[in-house]
Amino acid sequence: MNNLIAFFAFSIFSVFPGVLVYHFISKHFSIATNCIVIVFISLSFWVILPWFVFAFQGNLFLVSSLVLILSALFGIVQFWKRKEAKKFGTTLFKGIKEFGALWLLLLYFFPLGDMLLPPGNDAAMHGYISRLIVNNQGLPSSYNPLLPIQEFGSYSAGYHSLAAYFSFFNEQYLVKAINLTTVSVYLLFALGLAVLLSLFVRKNIAFLAAVISVLMSRVPQGSFGWGGNSTVLAFAFIFIAFFLFIVAYRRNSLVLFTLTAFPLAAVPLTHAI
């Protein structure tokens with residue numbers, strides 16, 4: 001049950017509020033690429049949001065819940081008024097086929113959902129930072145009571161914020177949410193790399209190369225063993241930021257230039273690579 005709750009949270013936080021930009025980007029990309037961009041815009045938004053909430057001393061759980069509700073309502077209205085829901089649904093199957101070999105990654109990652117805890121010393125650190133965010137309902141001001149460190153923020157908290165979102169800020173679901181976050185960053189790495197490579201080679205070759213890079217190469221595969229998962233997530237944001245910037249430059253699109261700011265800002269807030 002905890003796995004299902006974490007996966008449900010992952011699904012809605014990956015769709016909203018990024019789906020609101022669909023109308024503005026749909027003419028630039030295929031349906032598959034649109035879906036990938038929407039996921040990255042959503043996740044980068046959730047990585048950035050905690051610092052704004054922290055600055056105004058708000059409750060991240062309440063703010064994120066409000067954003068989800070409002071973006072869902074606006075998204076439904078947007079699709080209904082523009083009559084895009086039917087078009088989106090009928091072309092989604094074509095988009096699914098475009099993912100091709102990437103579906104193999106889902107089979108590869110599925111057993112990891114039942115692991116007790118992610119391996120590595122760094123993973124232990126990710127766990128207690130995520131727990132602090134859940135307990136504080138947002139970014140804390142210190143590492144108390146877990147560590148006698150009075151200033152929070154020495155390590156970027158983007159990865160940990162996502163784990164907190166995926167647990168619905170409930171410590172009961174946090175372990176499974178951390179597992180799911182750990183697993184998903186490697187899929188995001190492949191997705192980001194695939195769309196970036198698709199600018200230079202055929203899409204099927206790009207997606208196959210992305211799969212091979214995750215399944216067979218030492219980096220990022222080896223990062224899982226020592227807990228370098230936030231580093232992998234930061235690279236995923238870099239890939240999608242480069243992709244959006246290149247397309248925006250080629251097409252002179254102010255919208256795409258603006259959207260590039262989201263994953264670009266999410267990089268240092270995830271890991272100072």
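Helices here are DSSP runs of H or I with at least four residues, and they are numbered from the N terminus. The model you are looking at is predicted, so local features need pLDDT of at least 70 and side-chain atom pairs count only at pLDDT 80 or more, while totals for chains, interfaces and linings use all residues. Residues are numbered from 1 along each chain as its sequence is written, and side-chain values use heavy atoms, with hydrogens and water left out.

Let us start with helix α7, residues 121-136. Its 16 residues should span 22 Å at 1.5 Å a residue (the expected span is 1.5 Å times one less than the number of residues), and the end C-alpha atoms are 23 Å apart, which agrees. Among the buried residues of α7 (under 20% relative accessible area, with a 1.4 Å probe and protein chains only) are Met125, His126, Ile129 and Leu132. Just after α7, Gln137 takes a positive phi of about 60°. Farther along, Pro145 lies in the loop between α7 and α8, and a cis peptide bond with omega of about 5° joins Asn144 to Pro145.

Next, follow helix α3 to its partners. Two packed helices are described by the angle between their axes and the distance between the axes. Axes are lines fitted to C-alpha atoms, for helices over the stretch in contact, and angles run from 0 to 180 degrees between N-to-C directions. Helix α3 (residues 31-55) packs with α9 (residues 174-197) at about 125°, the axes being 11 Å apart. That makes α3 oblique to α9; angles under 35 degrees count as roughly parallel, over 145 as roughly antiparallel, 65 to 115 as roughly perpendicular and the rest as oblique. Contact, meaning heavy atoms within 4.5 Å, is made by residues including Ile36 and Phe40 of α3 and Leu188 and Leu191 of α9.

What angle do α3 and α13 make where they pack? The angle is about 120°, and the axes are 11 Å apart. That makes α3 oblique to α13. Among the residues that meet are Ile36, Phe40 and Val47 in α3 and Phe237 and Ile240 in α13.

Finally, visit some loops. Pro17 is in the loop between α1 and α2, and a cis peptide bond joins Phe16 and Pro17. Phe168, in the loop between α8 and α9, has a positive phi near 55°. Phe168 is partly exposed, at 26% relative accessible area, whereas Asn252 counts as exposed (over 50%) at 67%. Asn252 sits in the loop between α13 and α14 and has a positive phi of about 50°.

Technical notes. Helices (H or I, at least four residues) and strands (E, at least two) are DSSP runs, numbered from the N terminus.
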